Amino acid sequence: MSGLRLMAVHAHPDDESSKGAATMARYSAEGHEVLVVTLTGGERGDILNPAMDVPGIRERMSEVRQEEMAEAARILGVRHQWLGFVDSGLPEGDPKPPLPEGCFAAIPLDEPVRRLVQSVREFRPHVMTTYDENGGYPHPDHIRCHEVSVAAYEAAADPDFHPELGEPWAVNKLYYSHGFIRKRLELFREEYERRGEPFPMEQWLNKWRTERGDIMGRVTTQITCGDYFPKRDDALRAHATQIDPNGSFFAVPLDIQQKVWPTEEFELAKTRVSTVLPETDLFAGIEDGQGK
């Protein structure tokens with residue numbers, strides 16, 4: 001099938017390249033339309049790549065992150081839209097400080113929902129992806145991204161919800177993307193043990209809080225996309241202020257990843273079509289061109 005539409009809703013620039021990027025690159029290459037909607041500008045992001053911590057970068061962080069996002073979208077072959085809200089930052093401390101006034105996670109929910117509904121009605125996606133109720137990790141913008149996305153999924157189909165925003169559009173399926181999966185790292189470690197080599201993420205895996213369980217139990221859908229891992233990594237590196245090319249994202253070589261775990265994982269959260277679980281396609285159950 002081709003000609004279907006996928007909308008991926010993310011909190012910050014760089015999130016799209018670390019969560020479901022290879023899946024988007026695959027669907028784009030197969031002829032589907034893919035739109036990434038980024039809710040905030042990432043203005044409060046730290047510089048996490050030492051090579052980019054140079055004079056002039058912090059002073060123009062907003063512009064730099066726009067440039068990085070444009071390059072990542074080009075690499076993945078996707079369209080991109082900014083929704084224009086202000087990054088909330090990641091509050092730290094005990095107790096945590098209040099959120100900055102006017103930031104995305106502090107403003108009323110209605111405004112971002114209306115803006116996303118307008119985007120949905122304009123693009124008319126068959127599938128949306130976003131984060132789960134924990135935000136993937138508990139960043140206030142990620143949690144708010146979940147809240148906005150779920151509300152917009154419902155509201156976009158409601159003819160009584162702000163009709164001035166466009167004709168109602170019922171998105172067929174809503175997914176949560178899941179990337180932090182303990183089983184994946186365990187299988188990588190087993191492959192290193194088989195090769196007689198030290199596992200470069202051993203310390204990271206040992207710090208994993210096992211009492212939280214493994215999110216793999218929630219996964220309903222695995223997309224085979226190992227051939228697009230190089231594009232995913234190139235898109236990640238395009239976010240040069242946020243991604244250290246010597247960091248943990250790239251610790252396991254691509255050939256091991258493609259051999260041991262060549263998929264990306266999603267959870268079917270809501271659907272308006274019939275499908276059979278587990279799935280291997282986000283568009284499963286949607287007829288080619290349905291709703292055009």
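Visitor: At 32% relative accessibility, what does Arg195 count as?
Guide: This is a predicted model, in which local features need pLDDT of at least 70, side-chain atom pairs count only at pLDDT 80 or more, and totals for chains, interfaces and linings use all residues. Residues are numbered from 1 along each chain as its sequence is written, and side-chain values use heavy atoms, with hydrogens and water left out. Buried means under 20% relative accessible area, exposed over 50%, and partly exposed in between (1.4 Å probe, protein chains only). At 32%, Arg195 therefore counts as partly exposed.

Visitor: Which residue forms a salt bridge with Arg195, the closest N and O atoms being 2.8 Å apart?
Guide: A salt bridge is a side-chain nitrogen of Lys or Arg within 4 Å of a carboxyl oxygen of Asp or Glu. The partner is buried, at 7% relative accessibility. The two are about one helical turn apart, because they are four residues apart in helix H6 (residues 182-195). The partner of Arg195 is Glu191.

Visitor: Which residues are linked with Glu191 and Arg195 in a network of salt bridges?
Guide: Side chains of opposite charge can pair when their charged atoms come close. The network takes in Glu191 and Arg195. Linked with them are Arg194, Asp255 and Lys259.

Visitor: How far apart are the closest N and O atoms of Glu111 and Arg114?
Guide: Helices are DSSP runs (H or I, at least four residues) and strands likewise (E, at least two), numbered from the N terminus. Both residues lie in helix H4, three residues apart, about one turn of the helix. Glu111 is partly exposed at 26%, and Arg114 is partly exposed at 24%. Their salt bridge has its closest N and O atoms apart by 2.3 Å.

Visitor: What distance lies between the end C-alpha atoms of helix H4?
Guide: The expected span of a helix is 1.5 Å times one less than its number of residues. H4 has 14 residues (110-123), so it should span 20 Å. The end C-alpha atoms agree with this, at 20 Å.

Visitor: Which helix do the buried residues of H4 pack against?
Guide: The buried residues of H4 include Pro112, Leu116, Val120 and Phe123. They pack against strands S1 (5-10), S2 (33-40), S3 (79-85) and S4 (127-130). The helix they pack against is H5 (140-155).

Visitor: Which element gives the most to the largest nonpolar core?
Guide: A nonpolar core is a set of buried Ala, Val, Leu, Ile, Met, Phe, Trp, Tyr and Cys residues joined through side-chain atoms within 4.5 Å. Of its 30 residues, Met7, Leu116, Val117, Val120 and Met128 touch the most other members. S1, S2, S3, H4, H5 and strand S5 (173-178) each supply at least two residues. With six residues, the most is given by H5.

Visitor: Which residues make the nonpolar surface patch of about 390 Å²?
Guide: Patches are made of residues with over 30% relative accessible area and no salt bridge, like charges being joined within 9 Å and nonpolar side chains (Val, Leu, Ile, Met, Phe, Trp, Tyr) within 5 Å. Accessible areas come from the Shrake-Rupley method with a 1.4 Å probe, and for residues only the protein chains shown count as cover. One of the members, at 41%, is partly exposed and is found in helix H7 (residues 202-206). The patch is made by Leu90, Tyr137, Phe180 and Trp204.

Technical notes
Contact means heavy atoms within 4.5 Å.
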